[in-house]
Amino acid sequence: MKKETVPCEWIYFAPEHTTVNTLADCAKAHGAEVELWEEAGVLEILLQEKESMDVELAKLSPKDELACAVAEKENCPVLFLITYCEGVQEVAQQMMRHMLKENGGIFCADTENLEPVIKR
């Protein structure tokens, strides 16, 4: 029986200057094909055939004290929700590291304690 892939979800806490356009340019510079819906704040990065990483601009909720604390500590007030399938985890995390190298910020797993963390 084939194992079903499970989406992997992360939160990208990015510096103030970061936009979906910035991330699209970054992904293209890394050799990826992208589809961008700028007005919706959504970006799809093709990682492998029929497999992609979805990036969506999100709002920081004042009720989420832990996320607010990370955003303040890292000086990264812009949030993006990152989703990809488990089967492309290695390629997706390479793209995430490329984004960190180009833009700064921090990736936190979308878990109760925001761990694990990927930093530059």
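**Aromatic core, strands, helix and pocket**

Y12 is buried, with a relative accessible area of 0%. This value comes from a predicted model, as do the others reported here. F107 is also buried, and its relative accessible area is 0%. Both residues count as buried because the cut-off is a relative accessible area under 20%.

Aromatic contacts were examined next. Two aromatic pairs were found. In one of them, Y12 and F107 are stacked. Their ring centres lie 4.2 Å apart, and the planes differ by 10 degrees. That angle counts as stacked because the cut-off is under 30 degrees. The pair links distant parts of the chain, as Y12 and F107 are 95 residues apart. Y12 belongs to strand β1 (residues 7–14), whereas F107 belongs to strand β6 (residues 106–109). F80 joins Y12 and F107 in one aromatic cluster.

Strand pairing was then traced from β3 to β5. Strand β3 (residues 42–48) and strand β4 (residues 51–58) run antiparallel. Six bridges join these two strands. In this pairing, L43 stands opposite V55 of β4. β3 and β4 form a hairpin, with two residues between the strands. K50 lies in the turn and has a positive phi of about 65 degrees. β4 also pairs with strand β5 (residues 78–85), again in the antiparallel sense. Five bridges hold this second pairing. Here A58 has L79, in β5, as its bridge partner.

Helix α3 spans residues 89–103, 15 residues in total. From first C-alpha to last, α3 reaches 21 Å. This is close to the 21 Å expected at 1.5 Å a residue. The buried residues of α3 are A92, Q93, M95, M96, H98, M99, L100 and N103. An α-helix has 3.6 residues a turn, so residues three or four places apart point the same way. G104 follows α3 and has a positive phi, near 85 degrees.

The last feature is a pocket. The largest pocket holds about 150 Å³ of space. Its lining consists of L66, A69, V70, K73, E74, I106, C108, N113, L114, E115, V117 and K119. Three elements, α2 (65–74), β6 and β7 (117–119), each give two or more residues to this lining. α2 supplies the largest share, five residues. By chemical class, the lining residues of the largest pocket divide into seven nonpolar, one polar and four charged.

Key
Residues are numbered from 1 along each chain as its sequence is written. This is a predicted model: local features need pLDDT of at least 70, side-chain atom pairs count only at pLDDT 80 or more; totals for chains, interfaces and linings use all residues. Side-chain values use heavy atoms; hydrogens and water are left out. Rings of Phe, Tyr and Trp (its six-membered ring) pair if their centres lie within 6.5 Å; planes under 30 degrees apart count as stacked, over 60 as edge-to-face and the rest as tilted. Helices (H or I, at least four residues) and strands (E, at least two) are DSSP runs, numbered from the N terminus. Buried means under 20% relative accessible area, exposed over 50%, partly exposed in between (1.4 Å probe, protein chains only). Two strands pair if DSSP finds at least two bridges between them. The expected span of a helix is 1.5 Å times one less than its number of residues. On a 1 Å grid over the protein atoms alone, a cavity is a set of points where a 1.4 Å probe fits but cannot get out, and a pocket is an open set with protein on both sides within 12 Å along at least five of seven lines; lining residues have an atom within 4 Å of a point. Grid points are joined across faces, edges and corners, and a volume is the space filled by probe spheres set on the points. Ala, Val, Leu, Ile, Met, Phe, Trp, Tyr, Cys and Pro count as nonpolar, Asp, Glu, Lys and Arg as charged, and the others, Gly among them, as polar.
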